[in-house]
Amino acid sequence: MVVVAPSSACSFLLAHPSGPARPRRPHPMNSTAKPLSHTLTIRCAATTAAGRPGPPPPKLPGPPPLPPPKLVRCAALDRQAARASRLRFVRKLLTLLLSKPRHFLPLRVLNRCRRFLGLPRRGRPLIPMVLRYPALFRLFQAHTSLPLSPSLSTLAVGLTPAAEALAADLAALRATSTGADALAAKIHRLLLMTPRGSIPVNRLVHLAPDLGLAMDFRATLCPRHPDLFRLVNTSRGHALKLADPPPTPPPPPLSLRPAATPDRLMDRPRRFPHLPLRRGLNLRRAHRDYLLRFHSLPKVSPFEQLDEGASLEMLERRACAVVREVLAMTVEKRTLVDHLTHFRKDFGLPNRLRAMLVRHPELFYVSVNGVRHSVFLVEAFGDDGRLLVEDEMLVGRDRLEELVREGKRMRRARKKGLLTFDGDSDEDEDDEAAEEEGSLEVDDEFGDLFEDGIIGEDWEEVGDGGRSEAYEEYDAELGETEEFWVKKAVAQGLVDDGNEQDVW
């Protein structure tokens, strides 16, 4: 038997002179406190050991990640974007008026199209915007059986003779055999880039003005080319589908930039890979290396579909080829980025389409000027921002700009006292254009006419545009504002009497 000797502390307690030893009361302890134990110590140690970061995973071989590209501005192309943005309201109003048989709309009906025209609901009357372009649009009072004073319910907006002549010349240009075949070939190429060989009509109208198509192309152009495509009814509405059997594929796209004369002393292959960039564009080394690797990949035709197991680089290679093909078919070699996003599923474009366009400055340029962002085909423009090869439909834009400038000269004449109108301000014309551009809302383009019910699919019906209770609330206030501008325009002699045909 082993006997344990008492410690010094125990001897002191037994020898205390105060008396016999009494048991000590235990101190009150918190009932929620847990006593420490070896198991807790072991558990904490195990947790600490398990929470330590392990060794870093081995790096896979491959190129370094590409940093976010920086958008380098191009002043020459930005001017082209601002030039097109100043014509947005004019082009949209022309589209509405030309969609009617007699090319005019009553003001009460035109007020329902404010969203399509890009006008805000409040603070921007319609009549002053119409009177900004006297060479294109006119206000007139329709003939009625009863003599009525001019008001919002009796006035209408129509086209001037100069605007009518411009529309007739463009229609005649599209109706020629050469022009009709060229427009049909554009639709044919668009259909060939889709995997199913069909595109809904309500999506195609977004690109119709940029391609040079008339807004009634479904009734005027499609029946003339049954050997290329036909109109079918689908669950998503009317669509254009390739003819059966499919026609022969078009030739591969050609370069829009003319061949430059060699500026080198010796005509021999380059020692290092060359990346053609526009003047004044300097890229980071990582970005340049990425583009060189991208262009070293095999070329992909936009009319051929890739396999399901294709790499991301090859998918982006085809997406760039598709966008390049679409931009090459436009009249101005530019379009809005939002127009391309409508075809993501049809053409197999990535969801982050704008990032892809910015990532390839050697092919495209994204301009942030204007209400909405535009994308340009770089190879189609020179260093001064002018088109190297002009489309025959471009004459419509030039004549439209000339009529806009003619309207400005007429307004300056009013300011000088020949015909005064208090709605004109004394600011410079460029400031007025910038103010107008900033006041327009960011809305969708011609597709809203189909989606919102403002204009029927046959472009002959005008609906209520899905008016909600919010529209009913401010209709009275908007009507009072428009009536004020009607009285002012009548007092200044800016309202025509109309003719016998101007009746609705």
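Helices here are DSSP runs of H or I with at least four residues, strands are E runs of at least two, and both are numbered from the N terminus. The model is a predicted one, where local features need pLDDT of at least 70 and side-chain atom pairs count only at pLDDT 80 or more, while totals for chains, interfaces and linings use all residues. Residues are numbered from 1 along each chain as its sequence is written, and side-chain values use heavy atoms, with hydrogens and water left out.

**Exercise 1. Find the cavities and work out what lines them.**

Step 1: the term. A cavity is a set of points, on a 1 Å grid over the protein atoms alone, where a 1.4 Å probe fits but cannot get out, and its lining residues have an atom within 4 Å of a point. Grid points are joined across faces, edges and corners, and the volume is the space filled by probe spheres set on those points.

Step 2: the count. With a cut-off of 30 Å³ or more, you get two cavities.

Step 3: the largest cavity. Its volume is about 100 Å³. There are 14 lining residues, and K70, L71, V72, V358 and P361 are the closest to the centre. Helix α16 (353–359) and strand β8 (364–367) each bring at least two residues to this lining, and β8 gives the most, with three.

Step 4: sort that lining by class. Ala, Val, Leu, Ile, Met, Phe, Trp, Tyr, Cys and Pro go in the nonpolar bin, Asp, Glu, Lys and Arg in the charged one, and the others, Gly among them, in the polar one. The tally is eleven nonpolar, one polar and two charged residues.

Step 5: the second largest cavity. This one holds about 30 Å³, and its lining is Q80, R83, A84, L87, R91, E332, R397 and E401. Two or more of these residues come from each of α3 (75–85) and α17 (395–415), with α3 giving the most, three. By class, you'll count two nonpolar, one polar and five charged residues.

**Exercise 2. Trace the salt bridges around R83, then look at two other pairs.**

Step 1: the criterion. A salt bridge is a side-chain nitrogen of Lys or Arg within 4 Å of a carboxyl oxygen of Asp or Glu. A search of the whole structure turns up 20 of them.

Step 2: R83. The R83 side chain meets that of D398 at 3.8 Å, N to O. This pair joins helix α3 to helix α17 across 315 residues. For exposure, buried means under 20% relative accessible area, exposed over 50%, and partly exposed in between (1.4 Å probe, protein chains only). R83 is partly exposed at 26%, and D398 is partly exposed too, at 33%.

Step 3: widen the view. R83 and D398 belong to a salt-bridge network that also takes in R91, E332, R334, R397 and E401.

Step 4: R279 and D383. These side chains pair at 3.0 Å, N to O. R279 sits in the loop between β6 (237–242) and α12 (285–295), D383 in the loop between β9 (374–377) and α17, 104 residues apart. Both R279 and D383 are exposed.

Step 5: E316 and R359. Here the N to O distance is 3.2 Å. E316 is in helix α13 (residues 312–329) and R359 in helix α16, so the pair ties together parts 43 residues apart in sequence. E316 is buried, at 15% relative accessible area.

**Exercise 3. Locate the centre of the nonpolar core and check helix α4.**

Step 1: the term. A nonpolar core is a set of buried Ala, Val, Leu, Ile, Met, Phe, Trp, Tyr and Cys residues joined through side-chain atoms within 4.5 Å.

Step 2: the core. The largest has 99 residues, and F137 and F217 have the most contacts inside it.

Step 3: F137's partners. Contact means heavy atoms within 4.5 Å. Leaving aside neighbours within four places in sequence, F137 touches V90, L93, L94, L97, V130, V157, G158, L159 and T160.

Step 4: α4. In this helix (residues 88–98), nine of the eleven residues are buried; among them are V90, L93, L94 and L97.

**Exercise 4. Pick out residues with an unusual phi.**

Step 1: the background. Most residues other than glycine have a negative phi.

Step 2: the hits. H103 has a phi near 60 degrees and lies in the loop between α4 and β1 (104–106). K333 also has a phi near 60 degrees; its place is the loop between α13 and β7 (334–336). K333 counts as buried, at 6% relative accessibility.

Terms used: On a 1 Å grid over the protein atoms alone, a cavity is a set of points where a 1.4 Å probe fits but cannot get out, and a pocket is an open set with protein on both sides within 12 Å along at least five of seven lines; lining residues have an atom within 4 Å of a point.
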